[in-house]
Amino acid sequence: MNYKVWKDNLTNQISYYKGNPIPSFIELNLGPTCNRRCDFCPRAHGWRDSGEYMSLESIRKLKEELLEIGFRGMICICGFGEPLQHPHVIEVINTLKCDQWIVELVTNGDFLTREIAETPDHVAISMYDGEHQIKKFTELLTGLSFSLRERWQTFETLTNRSGSVDYGGKIDVTRPCNYPLYYMFVNHNGNVYLCPQDWSKEHVFGNVFSHHLMDVWNSAMFNEYRNVLLNHRDIDPCKNCNTCGLVYGNQYQEVWRNHYDKS
């Protein structure tokens, strides 16, 4: 199934837990490392992360809570680094898999094997080296659910990672953003950031390893940002961000407005 179709379908299926809307997308950053230093990435300009790879114990905790709240969306294994550098990535994916949701692996493909590719529900490969990679990965992934992203020729669609790099178009602070309405980004240490665009790591909305994920999702700080971003992005770090923010999740806007009206 096409990735865009998945995203459109999943953001149409808004679920609730104890009367509160729940995220339809959970993105996990499995570790602090990446084997590449792409010019358009903050890592090439001095950005660093620290800490250990996400533990299997922590992943099991997350899965239990996702089952508890009736999660029906997508778990995207991607984040700020290369997920295949996690020493137990196959076990991680197998632990996360469940009939109730989709597990997608996003990778640069440098360490991808057929065994790894067969594990998630879908594999998305960001290709940075050129057209020759299409044949290589198509042959490797034949018979599996996969998508290939031709990143070597789509630099005009890149974003500035909330101001961390100088890429993309102009910043429009009057533009709303849907990310915090449907998306939860979890770093390898359990910290939850506003969205996958916020590479500043300065705004931590809670930690899902020490608290229930719904307590983090419904925290006062998260709700404050949602309320603002429903109307504009004139708030730090969003005022420095040029990502569109409205490609997916538009169905959540009315849901959250009504939710806050009733609160």
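# Exercises on a predicted model

L148 is partly exposed, with a relative accessible area of 24%. The structure treated in these exercises is a predicted model.

## Exercise 1. The surroundings of L148

Determine in which strand L148 is placed and which residues it touches, leaving aside residues up to four places away in sequence.

*Solution.*
Step 1. L148 belongs to strand β7.
Step 2. With neighbours up to four places away in sequence set aside, the residues touched by L148 are I125, M127, I134, F137, T138 and L141.
Step 3. The strand β6 spans 122–127, and helix α5, residues 132–140, lies across β6 and β7. The direction of α5 is at about 170° to β7.
Step 4. For a separate comparison of sequence and space, take N108: 40 residues separate it from L148 in sequence, and the C-alpha to C-alpha distance is 10.0 Å.

## Exercise 2. The order of the sheet

State the order of the strands in the open sheet and explain why β7 and β9 each have one side without a neighbour in the sheet.

*Solution.*
Step 1. The sheet consists of seven strands, in the order β7-β6-β5-β4-β3-β8-β9, with mixed pairing.
Step 2. β7 (146–150) and β9 (192–193) are at the edges and each has a single partner strand, so one side of each lacks a neighbour in the sheet.

## Exercise 3. Strand β8 and its two partners

Describe how β8 pairs with β3 and with β9, and identify the bridge partners of F185.

*Solution.*
Step 1. Strands pair through backbone hydrogen bonds, in a parallel or an antiparallel manner.
Step 2. On one side, β3 (residues 25–28) pairs with β8 in the parallel sense, over four bridges. Within this pairing, E27 has F185 as its bridge partner.
Step 3. On the other side, β8 (residues 183–186) and β9 run antiparallel and are joined by two bridges. Here F185 is partnered by Y193.
Step 4. β8 and β9 form a hairpin with five residues between them, and G190 in the turn has a positive phi of about 95°.
Step 5. In a regular strand, side chains alternate between the two faces of the sheet. In β8, Y183 and F185 point one way while M184 and V186 point the other way, and all are buried.

## Exercise 4. A residue of strand β4

Is C76 buried or exposed, and which residues does it touch beyond four places away in sequence?

*Solution.*
Step 1. C76 is located in strand β4, residues 74–77.
Step 2. Its relative accessible area is 4%. Because buried means under 20%, C76 is buried.
Step 3. C76 touches I26, E27, L28, E104 and V106, residues up to four places away not being counted.
Step 4. E52, by contrast, is 24 residues from C76 in sequence and 19 Å from it in space, C-alpha to C-alpha.

## Exercise 5. The packing of α2 and α3

Characterise the packing of helices α2 and α3, and name the residues that make the contact.

*Solution.*
Step 1. The packing of two helices is described by the angle between their axes and the distance between the axes.
Step 2. For α2 (residues 56–69) and α3 (residues 89–96), the angle is about 15° and the axes are 9 Å apart. Angles under 35 degrees count as roughly parallel, and α2 is therefore roughly parallel to α3.
Step 3. The crossing of α2 past α3 is right-handed.
Step 4. From α2, the contact is made by L56, I59, R60 and K63; from α3, by E91, V92, T95 and L96.
Step 5. These contact residues comprise four nonpolar, one polar and three charged.

## Exercise 6. Positive phi and a cis peptide bond

Locate K18 and S162, give the phi value of each, and decide whether each is buried or exposed; then locate the cis peptide bond at P237.

*Solution.*
Step 1. K18 is not a glycine, yet its phi is positive, about 55°. The residue lies in the loop between β1 (16–17) and β2 (20–21). Its relative accessible area is 71%, and K18 is exposed.
Step 2. S162 also has a positive phi, near 55°. S162 is in the loop between β7 and α6 (179–182). At 9% relative accessibility, S162 is buried.
Step 3. The peptide bond from D236 to P237 is cis, with omega near 5°. P237 is in the loop between α8 (220–229) and α9 (252–262).

Notes
Residues numbered from 1 in each chain as written. Predicted model: local features only at pLDDT ≥ 70, side-chain atom pairs only at ≥ 80, totals over all residues. Heavy atoms only, no water. Axes fitted to C-alpha atoms, helices over the stretch in contact; angles between N-to-C directions. Parallel < 35°, antiparallel > 145°, perpendicular 65-115°, else oblique. Left-handed = near helix turned anticlockwise from the far one by under 90°. Contact = heavy atoms within 4.5 Å. Nonpolar A, V, L, I, M, F, W, Y, C, P; charged D, E, K, R; others polar. Pairing = 2+ DSSP bridges. Buried < 20%, exposed > 50% of the residue type's maximum accessible area, 1.4 Å probe, protein only.
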